[in-house]
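Subject: Handing over the two-chain model

Hi,

Here is the structure I promised to pass on to you. Have a look at it first, and then read on for what turned up.

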Amino acid sequence: MKGLNKDVADFALKYASGKKVEYAEVRAHSEKTDSLMMKNGVLDAYVSAVDSGFCVRILAEGGIGFASTNKWTKDEAKVIVDIAYKYAKMAKRKDKIVFAEEKSLKANWKVDEKKRVENVSPETRIETWMEMDKALVSQGINVAARMFSFGTSLTEKYFVNTEGSVISSYVPRIGAYAFITVVQNGKPEQSYKQFGYAGGWEALDRWKLTEEMIKEAKVLQKVIKEAKAIKPGKMDLVCGSEVAGIAAHESCGHPMEADRILGREMSQAGRSFIYPNGSFWLETKIGSSVVTIVDDPTVKNSYGYYEYDDEGIKARPRYLYKNGVINEFLHNRETAAKLDIRSNGASRAINYDREAIVRMANTFVQPGDMNEEEIFEDVKQGVYMKSFTEWNIDDKRFNQRYVGREAYWIEDGELKHPLARPVIETTTQNFWSSVDAVSKKVEYDAATCGKGDPQQGMPVYTGGPIIRLRGVHVK
Amino acid sequence: MSELLVRTEEIVKRSKALGADEVIAKTTFGRYRQTRFSNNQIDISVAWNDYVTDVVLAWKKRVVGTQIRNFQNVDQTVKRLFELSKVSKENPMYGGFAKGKFRYHKSKADEALVNLDNPVEYVFDAVEAAKKEAGPDSETGGILLTSLSDICLVSSEGPMGEDHRSAIELSIRAFSQREASGHGVECGSALKGFDAARAGRKAGEIAKQAKDPKAGVEGRYDVIFDPLFGGSLLGMWGSMTSAYSVMIQMSIFVDKLGQRVASDNVTLRDSPAPYSVANRVFDDEGVPAKENVLIRKGLLKTYLHNTSTARIFKTETTGNAGIISPTPWNLEMDSGDMSREELFSEVKHGLYLTNTWYTRFQNYATGDFSTIPRDGIFLIEEGEIKESWKDIRLSDNALKMLNNIIGLSKERQHVHWWSEADPPSLVPYILMKDVRITRPR
């Protein structure tokens with residue numbers, strides 16, 4: 001493998017195995033990144049770099065120690081193994097940590113590229129964004145401020161552990177972020193869009209970047225010119241896939257992370273409304289029977305795609321809420337052992353210098369059986385929140401809020417005028433219990449999920465079909 | 001001259017020899033140690049060593065960058081970088097890197113931190129202190145982080161210097177009940193004066209007071225913000241003073257230089273002072289980092305600049321580079337003339353909010369946003385804490401809030417927590433009128 005020194009990684013594992021460890025693993029990681037930053041039509045900078053290094057995680061005396069370095073020498077390997085071993089023993093835990101049982105396996109997996117990212121020149125990358133910017137500002141809309149960042153990463157990993165597992169992987173990813181401000185009559189409206197893909201340069205064909213950004217600018221202009229304030233009250237709310245997706249991520253994916261449920265994130269990302277001996281646990285009802293939310297790392301070319309997690313566990317879809325019932329948490333080996341089950345492969349780290357923790361991959365509402373027209377035609381008065389701007393949720397993942405970016409008033413099944421930033425502020429239980437209809441087609445949006453300390457921004461998809469909520473308070 | 005500086009300078013020389021117009025190389029040798037704990041036990045201790053040189057090069061106003069790890073493949077990497085500059089695009093807004101020789105304050109990493117062998121004892125101190133306040137059955141979690149970094153910067157334009165930084169920070173959250181929690185932090189650049197138990201005590205005290213919370217009530221309130229919550233607010237306001245944020249309109253301060261943006265008791269500075277966990281002696285162009293007054297008595301005095309943004313705004317760099325984006329280092333709000341107790345006595349019917357998270361904007365230019373108070377949320381009646389609340393959201397406007405500050409305490413605390421109270425700051429208790437509180441339905 002380029003960028004990785006397998007010999008040093010193997011040496012580190014062998015050296016660790018010579019100590020009184022209950023478990024040890026070495027994860028080597030090499031990432032070639034190319035990124036460009038543009039603002040207001042000007043290329044600020046183009047940055048190209050390779051980062052590679054490795055980490056050692058040791059379980060000894062029921063504690064965990066972790067150390068990493070980007071110095072590829074056997075002497076350095078010894079140093080970090082010694083530190084990780086010392087740190088593991090330093091924990092002096094009353095409740096000893098154990099990992100759920102796993103068999104050893106050998107695997108080599110990669111994501112294919114139809115158009116190889118490495119073959120795309122910097123000139124082409126720059127021109128792609130310059131052209132998009134030119135097209136965007138030539139629409140007769142005052143897009144007063146534009147900020148784009150765009151990057152590719154080619155990631156190789158090599159994982160070995162004391163149980164005999166050996167896993168190699170290669171994942172190319174392409175990601176982009178755009179933030180625009182449209183100003184009309186002195187009034188600004190803003191929007192951001194994120195794009196993400198695991199695979200080759202063919203991502204650009206799928207994204208339809210220019211089209212999407214122009215559409216976004218037109219939406220903002222329309223909001224400024226035509227949007228009316230909503231009269232607050234109880235009404236039906238139709239959520240577009242973007243809104244269904246963020247709700248699935250925030251109020252299903254996060255509270256179903258077993259490390260939060262068991263308290264390991266209590267000081268940062270928080271806990272969960274789901275906890276042992278609480279009101280909500282496995283098999284408890286949380287939504288209506290049409291609500292099924294899945295987290296699936298195996299969606300081809302998704303931003304959150306992987307075949308084996310960073311503990312070497314084979315990836316599979318996880319049905320989190322199934323037919324409105326809490327069904328399965330997201331686990332790593334540590335949390336799975338605490339609940340006496342097997343890991344379902346949700347352990348991920350953003351780089352070699354970060355521990356792998358429980359993460360989502362691609363979290364989305366499963367499609368239902370209704371046409372989009374049927375969803376709308378039955379709404380007498382309500383709101384269609386196609387996309388969102390401000391959003392947040394409390395740290396037990398129960399009190400959430402989504403503010404519409406592109407939103408319309410619905411009357412007798414017809415879309416009427418745009419609405420100025422309508423708001424739904426409600427609980428997880430009320431949101432998912434109010435859903436009575438789900439459309440057939442799932443769409444995905446790329447996102448960077450935040451968790452961990454230090455923060456590990458993880459590529460994920462959010463997504464869903466169009467969903468309809470009955471009788472919720474919109475303001 | 002240290003070996004690190006010599007090798008960093010060599011990268012600059014080789015880049016210049018290839019034909020680069022301007023080059024900056026900054027080498028960081030960082031050693032970071034973190035212990036994470038939850039449920040009163042240590043979950044993991046982590047060490048990461050980072051050996052990296054950031055190289056930025058300009059050729060005919062084309063700006064490109066890369067990283068060199070542990071001084072490996074220097075020739076190859078620099079050549080590739082220079083080739084990249086040739087196919088990149090001119091940045092007409094590029095104003096060059098800072099020129100001149102500068103004298104820097106001497107910096108020295110704290111010896112006690114360098115020699116700290118077993119930091120987990122501080123975790124145990126904090127946990128015990130929190131449990132003493134919140135009760136033996138209370139649960140705590142958090143992190144202890146120590147960082148030591150040696151930084152060498154060499155610019156082809158003259159600046160050359162070394163900085164030796166150290167920092168220690170502890171963050172602890174205590175739960176006296178499932179929905180009753182408090183948060184405390186302790187931060188500094190040296191071990192002297194670092195009191196882990198103080199953070200634990202504060203977390204525990206708040207958690208104890210927060211017991212049996214009731215659902216909050218929507219409305220507009222006078223609010224006292226604890227310094228930890230204030231750290232999030234300062235981070236929000238401070239980041240918006242970056243000229244980059246202004247240029248892309250992610251700021252409430254667009255076109256407001258010289259204008260009133262806050263009530264007249266507000267003075268906001270950026271200062272990379274020695275006490276701060278973000279202490280530093282120069283910015284990423286090698287310009288001496290210094291104190292800048294951002295808002296003086298309510299008037300917006302300056303944006304934060306690097307050389308390029310300063311040129312666009314026809315002013316001088318403030319020593320806050322970021323090659324692309326100027327950034328605040330350590331924000332300070334000037335203290336007021338009231339004690340914490342006097343501040344509380346001003347509130348007839350209001351709230352005391354101790355911490356927050358998940359701040360998100362619907363429009364940065366207008367300042368409309370919301371954030372979610374967490375940990376202790378208290379109703380104040382006639383200056384006294386009356387009851388504990390939960391499940392509320394602060395839904396308001398960042399500019400309006402700055403203008404509604406009506407009182408500041410004499411005492412201030414240096415705070416930094418995760419990515420919420422970030423960048424680090426020095427914050428008094430803040431009394432603000434007419435803050436809008438909403439709740440879920």
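Which residue of E2(B) does A:Phe66 stand opposite? The partner is B:Val46. Please keep in mind throughout that this is a predicted model.

That pair belongs to a strand pairing across the two chains. Strand E3 of chain A (residues 63-69) and E2(B) pair in the parallel sense, with four bridges.

The contact between the chains goes well beyond those strands: 64 residues of chain A are in contact with 63 residues of chain B. On the chain B side, the elements that each supply at least two residues include strands E1 (22-38), E2 (41-59) and E3 (62-69), along with helix H2 (74-87). Strands E4 (139-155), E5 (160-177), E13 (349-363) and E14 (368-381) of chain B do so too. The most comes from E2(B), which gives eleven residues. By class, this side of chain B has 29 nonpolar, 22 polar and twelve charged residues.

Now to the domains. Chain A is assigned a domain 1 covering 6-226 and a domain 2 covering 233-474. Their centres, taken over C-alpha atoms, are separated by 22 Å. Between them, 36 residues of domain 1 of chain A are in contact with 29 residues of domain 2 of chain A. E7(A) gives the most to the domain 1 side, with six residues. That side divides into 19 nonpolar, eleven polar and six charged residues.

Chain B is likewise assigned two domains, with domain 1 at 3-209 and domain 2 at 214-438. Here 23 Å separate the domain centres, again taken over C-alpha atoms. The contact involves 35 residues of domain 1 of chain B and 35 residues of domain 2 of chain B. On the domain 1 side, E1, E4, E5, strand E6 (180-188) and H5 of chain B are the elements that give two or more residues. E5(B) gives the most, with eight residues. The class split for this side is 16 nonpolar, 13 polar and six charged.

There is also a sheet in chain A that you may want to display. It is an open sheet of six strands in the order E11-E10-E9-E14-E23-E22, and its pairing is mixed. Strand E11 (325-326) and strand E22 (443-449) of chain A are the edges, each pairing on one side only. Within the sheet, strand E14 (residues 362-365) and strand E23 (residues 458-464) of chain A pair in the parallel sense over three bridges. A:Asn362 has A:Tyr461 in E23(A) as its bridge partner. Helix H6 of chain A (residues 241-253) lies across E9, E10, E14, E22 and E23 of chain A, and runs at about 120° to E23(A).

Lastly, a helix pair in chain B. Helix H4 (residues 120-134) and helix H5 (residues 196-209) of chain B pack with their axes 7 Å apart, at an angle of about 30°. Because the angle is under 35 degrees, H4(B) is roughly parallel to H5(B). Their crossing is right-handed. Among the residues of H4(B) that meet H5(B) are B:Tyr122, B:Asp125 and B:Val127, while the H5(B) side includes B:Gly200, B:Arg201 and B:Glu205. The contact of these two helices has eleven nonpolar, two polar and eight charged residues.

Happy to go through any of this with you.

Best wishes

Methods. Residues numbered from 1 in each chain as written. Chains lettered and ligands numbered in written order. Predicted model: local features only at pLDDT ≥ 70, side-chain atom pairs only at ≥ 80, totals over all residues. Contact = placed C-beta atoms within 7 Å. Nonpolar A, V, L, I, M, F, W, Y, C, P; charged D, E, K, R; others polar. Pairing = 2+ DSSP bridges. Axes fitted to C-alpha atoms, helices over the stretch in contact; angles between N-to-C directions. Domains from an automatic or database assignment. Parallel < 35°, antiparallel > 145°, perpendicular 65-115°, else oblique. Left-handed = near helix turned anticlockwise from the far one by under 90°.
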